[in-house]
Amino acid sequence: MKETPRFVMAQRLTAFTLALLLLLMPFGRVARADNLKQPVFAYGQSLTDEQKQETAQWLGVSDSALEMQVNIDEMNGLLHDDYDYYQVYSSVYLEPREKGTGVSVKIVTPKTITEITPSQYENAAITAGATDMTIRVASVKAVDGSGALAGVYKAFSGTTGELPKENVQVAQEELSTTSKISEENKDKEGFSDDLLNAAIAEIKAQIITVKEENDGQINSGQIINIVNNVVNNYNLGDVLTQDQMDALSDLMGKFSQIRLTDEQVENLKALGSRLMESGGKLLENVKSQWDAISPETKQEIGGFFQRIFSAIGDFFNSLFH
């Protein structure tokens with residue numbers, strides 16, 4: 001059957017639509033980024049009514065906050081692990097912040113959160129998918145703090161949808177790895193937790209940049225080189241042991257396999273910048289590469305729309321040839 005001009009036009013419209021959809025697809029990052037819209041108070045099931053009220057006062061929970069109980073029997077599901085939990089005392093209060101301002105963590109009861117530091121929480125929370133929010137953490141009883149982010153994950157699952165399982169698993173391993181490295185080096189000259197976490201934020205950003213420049217690909221050799229270079233630039237090369245370097249490389253290898261939103265990337269940059277500014281003398285002589293990391297979002301958007309406009313132009317040119 002002979003094709004009519006109308007039939008040819010329909011075919012071309014279909015082809016153009018498909019091309020446009022391909023252009024709209026994310027390149028290496030997830031487009032989803034629906035963050036919290038209201039304050040959330042996620043508290044541990046093991047708290048008595050009196051302890052819950054006391055914890056809420058410590059955290060400064062507002063009357064408008066949504067309350068969620070983090071139950072013992074859902075801890076494995078939230079943290080994607082198989083630990084035998086028998087109590088949950090850690091509680092968190094989340095407040096949305098202005099877009100692009102990053103994640104800020106305050107440990108309200110430092111005497112009872114014994115191992116995890118604010119910058120470790122911030123790094124891991126961004127990895128998991130939490131962006132642009134204030135997180136306050138408290139516990140009425142001494143805990144290591146590794147399960148405190150369960151409240152963050154519960155808050156998302158009860159409002160905007162579950163955070164990606166792979167991201168949460170990497171975030172939890174990140175907490176374990178960084179807290180162990182910090183504990184093992186806390187008395188060493190030239191080491192600080194903020195210095196380590198600023199380095200980790202930059203390692204993540206460099207990994208993202210390499211992936212963006214190579215169609216989402218990065219190999220283990222590139223990851224090891226990034227880890228080594230950044231650690232040395234942050235003057236930690238003579239502080240961290242080879243085992244700790246290997247643990248970081250392994251962790252960053254897993255990080256390289258997850259997908260991040262543009263908001264997570266911007267929050268990583270915000271975290272790194274803040275740690276650099278407030279890190280004290282140990283960060284004064286750091287040879288940071290932040291300025292060279294990744295094109296600005298506006299450049300990415302500009303290139304994106306340029307591809308769309310080029311496709312539109314090519315399509316209409318084809319109609320008349």
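These are my notebook entries on a predicted model, covering its sheet, one helix packed on it, its nonpolar cores, its aromatic pairs and its salt bridges.

**Entry 1: the sheet**

I began with the strands, and found that five of them form an open sheet of mixed pairing, in the order 2-1-3-5-4. Strand 2 (66-70) and strand 4 are the edge strands, each pairing on one side only. I also looked up how neighbouring strands of this sheet are turned against each other, and the average is 15 degrees with direction ignored.

For the pairing itself I took two cases. Strand 1 (residues 40-44) and strand 3 run antiparallel and are joined by three bridges, and within strand 3 it is Val92 that stands opposite Ala42. Strand 4 and strand 5, in contrast to that antiparallel case, pair in the parallel sense over five bridges, and Ser104 has Thr134 of strand 5 as its bridge partner.

Which side chains of strand 4 point to the buried face? I noted Val103, Val105 and Ile107 there, while Ser104 and Lys106 point to the other face and are not buried. This fits the general rule that side chains in a regular strand alternate between the two faces of the sheet.

**Entry 2: helix 5 on the sheet**

Next I asked which strands helix 5 touches. Helix 5 (residues 149-157) packs on the sheet and touches strand 1, strand 2, strand 3 and strand 5, and its direction makes about 125 degrees with that of strand 2. Eight of the nine residues of helix 5 are buried, so the helix is largely enclosed by the rest of the structure. The buried residues are Leu149, Ala150, Gly151, Val152, Tyr153, Lys154, Ala155 and Phe156, and I noted that a lysine, Lys154, is among them.

**Entry 3: the nonpolar cores**

I then looked up the largest nonpolar core, which has 77 residues, and in which Tyr121, Ile135, Tyr153 and Tyr234 have the most contacts. Helix 7 (residues 193-213) gives the largest share of this core, with 11 residues. I followed up Tyr153, one of the buried residues of helix 5, and leaving aside residues up to four places away in sequence, I found that Tyr153 touches Leu78, Leu79, Ala128, Leu163, Val168, Ala171 and Gln172. Another core, of 10 residues, lies apart from the largest one, and its members include Phe41, Tyr43, Ala56 and Val61.

**Entry 4: the aromatic pairs**

How many aromatic pairs does a search of the whole structure find? I recorded two. In the pair of Phe41 and Tyr43, the ring centres are 5.4 Å apart and the planes stand at 35 degrees, so this pair is tilted. Phe41 has 0% relative accessibility and Tyr43 has 12%, so I entered both as buried. The other pair, Tyr83 and Tyr85, is edge-to-face, with 4.8 Å from centre to centre and 65 degrees between the planes.

**Entry 5: the salt bridges**

The structure holds 10 salt bridges, and I followed up several of them.

In the salt bridge of Arg136 with Glu95, the closest N and O atoms are 3.4 Å apart. Arg136 lies in strand 5 (residues 133-138) and Glu95 in strand 3 (residues 91-96), so the pair ties together parts that are 41 residues apart in sequence. Is Arg136 buried or exposed? At 18% relative accessibility Arg136 counts as buried, whereas Glu95, at 26%, counts as partly exposed.

Lys99 forms a salt bridge with Glu263, with 3.1 Å between the closest N and O atoms. This pair links distant parts of the chain, 164 residues apart, with Lys99 in the loop between strand 3 and strand 4 (103-107), and Glu263 in helix 10 (residues 262-278). I entered Lys99 as exposed, at 62% relative accessibility.

Glu173 and Lys254 meet through their side chains in a salt bridge of 2.9 Å, N to O. Glu173 is in helix 6 (residues 165-185) and Lys254 in helix 9 (residues 242-255), and the pair links these distant parts of the chain across 81 residues. Both count as partly exposed, Glu173 with a relative accessible area of 27% and Lys254 at 34%. I noted last that salt bridges with shared partners join Glu173, Asp250 and Lys254 into one network.

Definitions and conventions: Residues numbered from 1 in each chain as written. Predicted model: local features only at pLDDT ≥ 70, side-chain atom pairs only at ≥ 80, totals over all residues. Heavy atoms only, no water. Phe/Tyr/Trp six-rings, centres within 6.5 Å; stacked < 30°, edge-to-face > 60°. Buried < 20%, exposed > 50% of the residue type's maximum accessible area, 1.4 Å probe, protein only. Core = buried A, V, L, I, M, F, W, Y, C linked by side-chain atoms within 4.5 Å. Helix = DSSP H or I, 4+ residues; strand = E, 2+ residues; numbered from the N terminus. Contact = heavy atoms within 4.5 Å. Salt bridge = Lys/Arg side-chain N within 4 Å of Asp/Glu carboxyl O. Pairing = 2+ DSSP bridges. Axes fitted to C-alpha atoms, helices over the stretch in contact; angles between N-to-C directions.
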